[in-house]
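Me: I'm new to this one. Could you walk me through it and then take a close look at a single part?

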Amino acid sequence: MSSSETTAPYGAGVPAPRKAVTLSRIADMHARGEKIAMLTAYDATFAAVADAAGVDCLLVGDSLGMVCQGLDSTVAVSMEAMRHHTESVARGLRRVQGTAWLIADLPFGSYQESREQALRSAITLMQAGAQMVKLEGGGWTIDTVRFMVERGVPVCAHLGLTPQTVHALGGYKVQGRDDSSAARLLEDARALQDAGAAMLVLEMVPAALATAITAELARCATIGIGAGRGTVGQVLVMHDMLGIHFGKPPRFVRNFMAGSSGIEGALRAYVQAVKGGTFPDDSLHAW
């Protein structure tokens, strides 16, 4: 039987028993204290399976440069690659009447020039199927976030370790360890919320700082990756949490395939662990 004859891959043919995840539903989850489970996705099949497993948000991350293209950073990922993979993930969700909220990364070089360039790039990804776009950094990005939000583009911000600027940061290092850098991250987080960012990824920041930032943001849901359990939600690269990666995995990764009967089972275990508060374990996965 060809793949075109099947309704959906694996067990994903039955729509998830939930209403579609929307921006207002994310805000409601935040207000109620329900943890948000997010994973990356780069193709139709894995997007459908993740949706069936109950993943709330799917991120078409520029991490595809490393996962799918074999690059050593995200810097060389093109706008065309992001558009292509966003379309693929969106098609996968449509085939199974998916309910997950779809976010796509603005790649390096697609928003730094001007806020108008950022808007054009965001429009490209939203026309490809994204419901929200993500961009990295604070400071100068705040005006760009406000400009896009005022024009109807939902925005997820990203602070801490920002992989697109890894060369400027001097490598993949924990951010916000000293008082001055921690204060700057908190200031940027407040400003991004005020500019209209509805979500904020905090990557590789100390758990105590991520918890403090989360407590300061009433209208912006924090999503941690290597930032401890005190954030509103968690995100991992899907391949990492399935135990598929080049070399040694980062400290914040847990292999959910261990003890699972298959991929969908591992994805369900991840969702349950995030929502139940058992992942991450700050003693193992945070700083």
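**A close look at Asp 62**

Reply: Of the 287 residues in the protein chain, 55% count as buried (under 20% relative accessible area with a 1.4 Å probe, protein chains only; over 50% is exposed, and in between is partly exposed). Bear in mind that this is a predicted model, where local features need pLDDT of at least 70, side-chain atom pairs count only at pLDDT 80 or more, and totals for chains, interfaces and linings use all residues. Residues are numbered from 1 along each chain as its sequence is written, and side-chain values use heavy atoms, with hydrogens and water left out.

The chain has 12 helices and 8 strands, which are DSSP runs numbered from the N terminus (helices: H or I, at least four residues; strands: E, at least two). Asp 62 sits in the loop that runs between strand E2 (57-60) and helix H3 (64-67).

Now for its charge. Asp 62 is buried, yet it has no salt bridge, meaning a side-chain nitrogen of Lys or Arg within 4 Å of a carboxyl oxygen of Asp or Glu. Lys 134 is the nearest side chain of opposite charge, 5.6 Å away; here Lys and Arg count as positive, Asp and Glu as negative, and His and the chain ends are not counted.

What joins the side chains of Asp 62 and Gln 164? A polar contact of 2.7 Å, that is, a pair of N or O atoms within 3.5 Å; within protein, one must be able to donate a hydrogen and the other to accept it, and residues adjacent in sequence count only if both atoms are side-chain atoms.

Leaving out residues up to four places away in sequence, Asp 62 also touches (heavy atoms within 4.5 Å) Thr 74, Val 77, Met 82, Asp 105, Pro 107 and Glu 136, among others.
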